[in-house]
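Colleague: Please give me a close look at a single part of this model, a loop residue with unusual backbone geometry. What can be said about how enclosed that residue is, and about other local features of the chain?

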Amino acid sequence: MRYSKAFIPTMRHVPKEATMASHVLLIRSGSVRMLSKGIYSYLPLGWRAVENVARVVREEMDRTGAQEILMPFVQPASIWQESGRWDGFGPELLRFKNREGADYAIGPTHEEVVTDLVRREIRSYKQLGFNLYQIQTKYRDEPRPRAGILRGREFIMKDAYSFDADAEAAQRSYEGMVVAYARIMTRLGLEFRAVQADTGAIGGDLSHEFQVTTPSGEDVLVLCDKCSYAVNVEMAPAYGDGWTCTPGEAQGGTSSEVHTPGAHTVEEVSSFLGVTAQDILKTVVLHDGDHHHAALVRGDRELNLLKTARLLGVREVFLAGDEDVRRLTGADVGFAGPCGLEKKVESIIADREVEGMAGFVCGANRTDHHLKDVHLGDIGADVRFADLRKVTDGDGCPRCGGPIHTEKGIEGGQTFYLGTIYSEKMDATFLDSGGKSRAVEMGCYGIGITRLVAAAIEQHHDENGIVWPIEVAPYQVHVLQLGAGEQAAAEAERIHDELEREGLDVLLDDRKERPGVKFFDADLLGIPVRIVVGEKGLKQGALEVKTRDGSISESIPPSDVVGRAAGIVSDLRDEALRSAGERAGSILKETGLQK
């Protein structure tokens with residue numbers, strides 16, 4: 001491809017709406033453009049990267065024996081009503097009526113569609129033991145799309161579904177997908193951890209997230225320093241089996257109100273009253289869609305919303321809005337407390353540590369005021385205690401007792417062992433070897449194709465631009481023609497054409513631009529291998545060949561440049577495959593699926 005003919009609208013400035021590196025660099029490199037919030041167009045460079053990720057995913061899925069299909073993007077409400085998710089999935093499911101008034105949805109996932117497909121065809125156990133996958137656009141009506149294509153409303157996903165006759169075979173299918181995912185992530189040049197995860201709206205009994213580790217990630221991973229324990233913070237228990245708590249003094253009547261003007265946060269209250277965060281009881285007002293609740297945690301802790309929802313027996317809980325907090329507590333946000341709230345909320349729940357607190361500080365339900373010397377007896381209501389807090393660095397591992405630490409990550413893929421939750425509801429059954437009707441055992445497995453493009457940039461960039469991994473890069477080699485001399489132009493053209501005949505993807509920068517502009521754009525675009533062709537180098541009999549990550553920088557005779565560049569690309573791809581094989585060999589032990 002000649003740069004002079006390519007559509008690569010690079011930008012020098014940082015877009016104001018972009019904050020994460022991938023969002024900034026995808027826009028600046030001319031790879032994507034936003035149409036609406038959470039909805040993007042993929043320009044030639046961006047689309048080539050997306051197709052490369054999809055290629056690797058296809059190769060590894062096909063390697064397992066999975067078969068590619070394509071299912072409808074528009075789905076009738078009837079199958080979602082069968083599974084119970086028409087109402088249960090939540091507002092992220094975009095619903096609409098067709099011209100006949102029938103209810104439909106834009107597919108956020110395809111469990112219902114694929115279950116309907118299979119139940120129409122399967123009759124015997126002899127037909128089972130297969131995996132169907134597709135790569136397709138999905139839509140989820142995210143309330144707050146952010147971070148560019150990392151958290152968009154419209155995205156491209158690979159979703160696969162396994163169908164087996166019994167749980168043992170289904171477990172093998174699940175493990176096979178875990179291995180395939182490890183190979184995919186490694187081939188794409190991604191550092192990742194496979195962690196236990198919540199099954200969420202998809203459902204099932206077992207799930208692992210493949211988290212791309214990066215400080216910019218929005219998920220928090222809990223990892224043990226001693227064993228292979230790895231879990232999403234939402235799932236991590238804060239208290240082991242041997243944890244005990246000495247209940248605090250329950251008597252009441254000793255509290256007093258103090259004026260704390262402008263002290264909204266734990267840090268501000270601590271400083272104002274001269275107490276520690278551990279001496280403060282934090283009251284979080286929540287709603288579950290139908291009712292409001294008050295959740296209590298120690299001031300230095302953070303409430304885990306997933307654990308809270310499970311305790312309350314609901315799918316999801318949300319922080320109450322400012323107006324609801326004022327209506328229920330009579331105070332601005334930051335001054336809520338549990339005393340006197342029992343008649344205003346459906347329930348008051350508390351983290352287990354709270355049971356050991358006494359003489360603590362809490363909000364007085366009056367703006368600019370707090371209570372001190374408060375005891376549990378002052379709350380005036382039955383409080384239900386449970387594990388509600390997020391774990392933090394230094395907590396003990398629930399598996400081995402060793403210290404844990406947290407890292408941030410971006411979820412790139414997730415595997416689910418579904419069992420029969422869909423097949424039973426939708427009557428996807430077969431006759432076993434004894435002639436008995438049984439529900440099909442299922443698993444489902446998703447990978448965010450477009451999200452992995454952004455995740456790769458989050459891990460692979462520097463202050464000058466993208467540093468693409470070889471398997472994701474839109475082009476493998478970038479030839480920079482410096483100057484307008486005929487010799488340099490002819491040599492750059494020869495190198496470009498010969499590399500393409502070698503089967504490589506090549507971008508030739510033949511623009512009439514200054515060398516500084518070309519080097520600036522080359523760093524921004526981040527193509528792995530760069531060849532600089534200029535009159536000076538040709539006269540000296542040596543051209544520069546270097547990698548974008550700086551690991552290789554050589555001066556090569558013009559006659560050897562094509563072979564050397566092709567060799568570097570081959571070595572990079574071979575290394576990606578070798579590393580993928582090594583990670584695949586260890587991933588089942590890492591996840592605890594095999595001892």
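Modeller: Alanine 147 counts as buried because its relative accessibility is 16% (buried is under 20% relative accessible area, exposed over 50%, partly exposed in between, with a 1.4 Å probe and protein chains only). The model is predicted, with local features needing pLDDT of at least 70 and side-chain atom pairs pLDDT 80 or more, while totals for chains, interfaces and linings use all residues. Residues are numbered from 1 along each chain as its sequence is written, and side-chain values use heavy atoms, leaving out hydrogens and water.

Although alanine 147 is not a glycine, its phi is positive, about 60°. The residue sits in the loop that links strand E7 (130–139) to strand E8 (154–164) (helices, H or I of at least four residues, and strands, E of at least two, are DSSP runs numbered from the N terminus).

Aspartate 368 also has a positive phi, near 70°, and is likewise a residue other than glycine. Its loop runs between strand E18 (360–363) and strand E19 (369–374). With a relative accessible area of 24%, aspartate 368 is partly exposed.

A positive phi also follows helix H8 (residues 305–312), this time at glycine 313, where the value is near 75°. At the N-terminal end of H8, asparagine 304 acts as a cap, with a side-chain oxygen 3.0 Å from the backbone nitrogen of leucine 306 (a polar contact is a donor–acceptor pair of N or O atoms within 3.5 Å). Leu306 is buried, as are Lys307, Thr308, Ala309 and Leu312 of H8. The cover over these buried residues includes strands E14 (281–287), E15 (292–298), E17 (347–351) and E20 (384–386) (contact means heavy atoms within 4.5 Å).

Helix H5 (residues 111–119) is largely enclosed by the rest of the structure, because 7 of its 9 residues are buried. The buried residues of H5 are Glu111, Glu112, Val113, Val114, Thr115, Asp116 and Val118.

For the wider setting, the domain assignment gives domain 1 (30–236 + 415–459), domain 2 (256–386) and domain 3 (467–577), with bounds from an automatic or database assignment. Between domain 1 and domain 3 the C-alpha centres are 38 Å apart. In the contact between these two domains, 15 residues of domain 1 meet 12 residues of domain 3.
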